[in-house]
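Okay, thanks for squeezing me in. I'll put the sequence and the structure up, and then walk you through them.

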Amino acid sequence: MRLAKFLAHSGAASRRAADGLIAAGRVTVGPDVVTDPARDVDESSGVALDGRPVQPEPREVHLLNKPQGVLSTAKDTHGRRTVVELVASRRRLYPVGRLDADTTGLILLTNDGALAERLTHPRFEVPRTYRATIEPRELSEHSLAALREGVELEDGLSAPARVRGLGGGQIELVLREGRNRQVRRMLEGVGHRVTALERVAFGGLTLGGLECGASRRLTADEIERLTESPG
Ligand code: URA
């Protein structure tokens, strides 16, 4: 396995961070500093980071129902609560993508940095389902069509989305991309403010009655389905 992938699978770093650690000369294989992320290694190669042995660990994926106000980062420099603190695990976990602090709902966390990156890579077009409460409450046919076809955002046109009204000022959107504050920006683009936003599904996974703030570990079958065809 490539050295960078080995580090990501071991939970030592995310896939991107692994390349940086290797380039910085912090990774050794046996007695040698190795700066080539493509070096072929396995469990018997004696890989170490800053002198500490690195071994692949069993993959964990947790599904959390994120409360409002909690950050989707591994660490916060201002001491605010993070999604990682809400999940009981001995492993070093990484959030799979981001939800805004104000957004609630489904977020995955895993110790497999490579999996986290794969699931959020635009190429896989993993569907994400959101429920948004909007102001003004009524969405015109014209706005609905614009949301479905694509809204011009400062970072380009949004990809086609499935959108339906749920009544009571709520709409459901299924996006296959995960740009920063995308739902809020798309709705702003058609003249609506989002007053509440919840992600209810990611890939084939749903919240399934999980209480706000609670988490559960995915089963081996669920992980297999997610990795085989995340979309
Ligand atoms: N879109 C947003 O605007 N915010 C999120 O947290 C997720 C998607």
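Before I name anything: helices here are DSSP runs of H or I with at least four residues, strands are DSSP runs of E with at least two, and both are numbered from the N terminus. With that in hand, Pro 136 is easy to place, in the loop between E8 and H4. The peptide bond leading into Pro 136 from Glu 135 is cis, with omega near -10 degrees.

Now the ground rules. What you're looking at is a predicted model, where local features need pLDDT of at least 70 and side-chain atom pairs count only at pLDDT 80 or more, while totals for chains, interfaces and linings use all residues. Residues are numbered from 1 along each chain as its sequence is written, and side-chain values use heavy atoms, with hydrogens and water left out.

So, the overall picture. The protein chain has six helices and 15 strands, and its C-alpha trace spans about 65 × 35 × 35 Å along the principal axes. I'll say "buried" a lot: that's under 20% relative accessible area, with exposed over 50% and partly exposed in between, using a 1.4 Å probe and protein chains only. Of the 231 residues, 45% count as buried. As for contacts, meaning heavy atoms within 4.5 Å, take the ones between residues at least 6 apart in sequence: 64% of those join residues at least 24 apart. On surface area, which is Shrake-Rupley with a 1.4 Å probe and, for residues, only the protein chains shown as cover, the chain exposes about 12000 Å², and carbon and sulfur atoms supply 47% of that.

On to the ligand. Which residues are around the ligand? If we call a residue near when one of its heavy atoms lies within 4 Å, the set is Leu 99, Asp 100, Thr 103, Tyr 130, Arg 181, Gln 182, Val 183, Arg 184 and Leu 197. Helix H5, residues 182-189, gives the largest share of that shell, with three residues.

Let's go through some polar contacts. By that I mean N or O pairs within 3.5 Å; within protein, one atom must be able to donate a hydrogen and the other to accept it, and residues adjacent in sequence count only if both atoms are side-chain atoms. Thr 103 has a polar side-chain atom 2.8 Å from an oxygen of the ligand. Val 183 works through its backbone, with a polar atom 3.1 Å from a ligand nitrogen. For Arg 184, a backbone N or O atom sits 3.0 Å from a ligand oxygen. And how much of the ligand does the protein bury? Taken alone, the ligand exposes 230 Å², and 96% of that is buried by the protein.

Stay with H5 for a moment. Six of its eight residues are buried, so this helix is largely enclosed by the rest of the structure. The buried ones are Gln 182, Val 183, Arg 184, Arg 185, Met 186 and Leu 187. They pack against strand E8 (128-135), helix H4 (141-149), strand E9 (152-153), strand E12 (170-175) and strand E13 (193-202). After H5 comes Gly 191, with a positive phi near 90 degrees.

Next, Ser 72, in the loop between strand E5 (61-66) and strand E6 (94-95). Buried or exposed? Ser 72 counts as buried because its relative accessibility is 3%. Its side chain reaches the backbone oxygen of Leu 99 at 2.9 Å, and Leu 99 is one of the residues around the ligand. Beyond its neighbours within four places in sequence, Ser 72 contacts several residues, including Lys 66, Val 83 and Ile 107.

Over to Ala 114, in helix H3 (residues 113-120). At 16% relative accessibility, Ala 114 is buried too. Leaving aside neighbours within four places, Ala 114 touches Ala 8, His 9 and Arg 15. Its C-alpha is 9.1 Å from that of Ala 13, with the two positions 101 residues apart along the chain.

Last, two backbone oddities. Asp 50, in the loop between strand E3 (47-49) and strand E4 (52-53), has a positive phi near 50 degrees without being a glycine. Glu 125, in the loop between H3 and E8, also isn't a glycine, and its phi is positive at about 45 degrees. Asp 50 is partly exposed at 38% relative accessibility, and Glu 125 is partly exposed at 42%.
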